[in-house]
Amino acid sequence: MLPANRSLFAAAVGVPLVLLALAGWLHWRQAESQALHRAQQTTEALSEHALRTLRTHELVIDFVDRYVQNWSWEEIRASRELHLLLRHLMQSNRDIASIFLLDPQGRGFVSSRAFPMPPVDASDRDYYQALLKADVLYISRPANSRVANDRFFALARRRSSESGQFDGLIAVSVWPAYFESFYA
């Protein structure tokens with residue numbers, strides 16, 4: 001074979017292989033870029049959903065806090081109307097497992113689940129312990145309910161008090177399954 005023919009043969013084989021490799025690399029880069037863009041959009045959408053959901057729960061807590069403002073714990077525990085209001089708020093949001101108030105000792109529950117509530121001691125729960133120490137909006141670890149034994153996590157905040165001292169808490173317990181099914 002002549003040297004010129006070898007060069008032509010090498011070019012005839014090599015140029016298409018180089019072009020094929022370049023096209024494959026460019027296509028891979030484009031597919032990777034599109035996948036990253038989709039993942040970023042999905043992450044932003046899921047983050048926005050979570051923030052809106054938790055903001056709704058925070059508004060529920062604020063509403064309940066204003067509703068029971070200046071009520072004693074005896075009045076709170078005895079109020080069937082409060083229970084019905086909590087139940088209505090819970091039923092209006094399919095992600096809410098319950099809405100409850102917990103007295104300063106962590107033992108006196110008022111809930112959307114039952115009236116009157118059976119005796120439950122929640123003074124060992126992470127949300128109770130955290131709110132004893134600080135006036136913050138707290139998201140608890142997942143736990144099992146002591147009333148219905150279902151899984152939940154709570155968004156909780158201290159009940160407002162004129163003295164600024166801890167006067168119990170108001171919480172919205174949320175079904176983790178709601179987020180699991182939405183994100184699936």
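In which sense do strand β4 and β5 pair, and over how many bridges? In this predicted model, strand β4 (residues 143–144) pairs with β5 in the antiparallel sense, over two bridges. Within that pairing, N144 stands opposite R151 in β5. The hairpin formed by β4 and β5 has six residues between the strands, and N149 there takes a positive phi near 60°.

Strand β5 has other partners. Strand β3 (residues 138–139) is joined to β5 by two bridges, and these strands run antiparallel. Here Y138 stands opposite A156 in β5. Strand β6 (residues 169–174) also pairs with β5 in the antiparallel sense, over six bridges. Two facing positions can be picked out in that pairing: A154 stands opposite S173 in β6, and A156 stands opposite A171 in β6. A156 of β5 thus appears in two of these pairings, opposite Y138 and opposite A171.

How many of the eight residues of strand β5 are buried? Buried here means under 20% relative accessible area. Seven of the eight residues of β5 (residues 151–158) fall in this class, so the strand is largely enclosed by the rest of the structure.

Strand β6 continues the picture. Strand β1 (residues 96–102) and β6 pair in the antiparallel sense over six bridges, with F100 opposite A171 in β6. A171 therefore has a residue opposite it in β5, namely A156, as well as F100. Six of the six residues of β6 are buried, so this strand too is largely enclosed by the rest of the structure. In a regular strand the side chains alternate between the two faces of the sheet. In β6, one side holds L169, A171 and S173, the other holds I170, V172 and V174, and with all of them buried both faces are covered.

The next element is helix α3 (residues 80–91). At 1.5 Å a residue, its 12 residues should span 16 Å, and the end C-alpha atoms are 16 Å apart, which agrees. The buried residues of α3 are L82, H83, L85, L86, L89 and M90. Seen down the helix axis, they fall within an arc of 160°, so they line one face of α3. The face turned away from this buried side carries the exposed residues E81 and Q91.

Last comes S112, which lies in the loop between β2 (109–111) and α4 (126–133). S112 is buried, with a relative accessible area of 1%. Leaving aside residues up to four places away in sequence, S112 touches H83, L86, R87, M90, S98 and I99.

Conventions. Residues numbered from 1 in each chain as written. Predicted model: local features only at pLDDT ≥ 70, side-chain atom pairs only at ≥ 80, totals over all residues. Heavy atoms only, no water. Buried < 20%, exposed > 50% of the residue type's maximum accessible area, 1.4 Å probe, protein only. Helix = DSSP H or I, 4+ residues; strand = E, 2+ residues; numbered from the N terminus. Pairing = 2+ DSSP bridges. Contact = heavy atoms within 4.5 Å. Expected span 1.5 Å × (residues − 1). Arc of directions from axis to C-beta.
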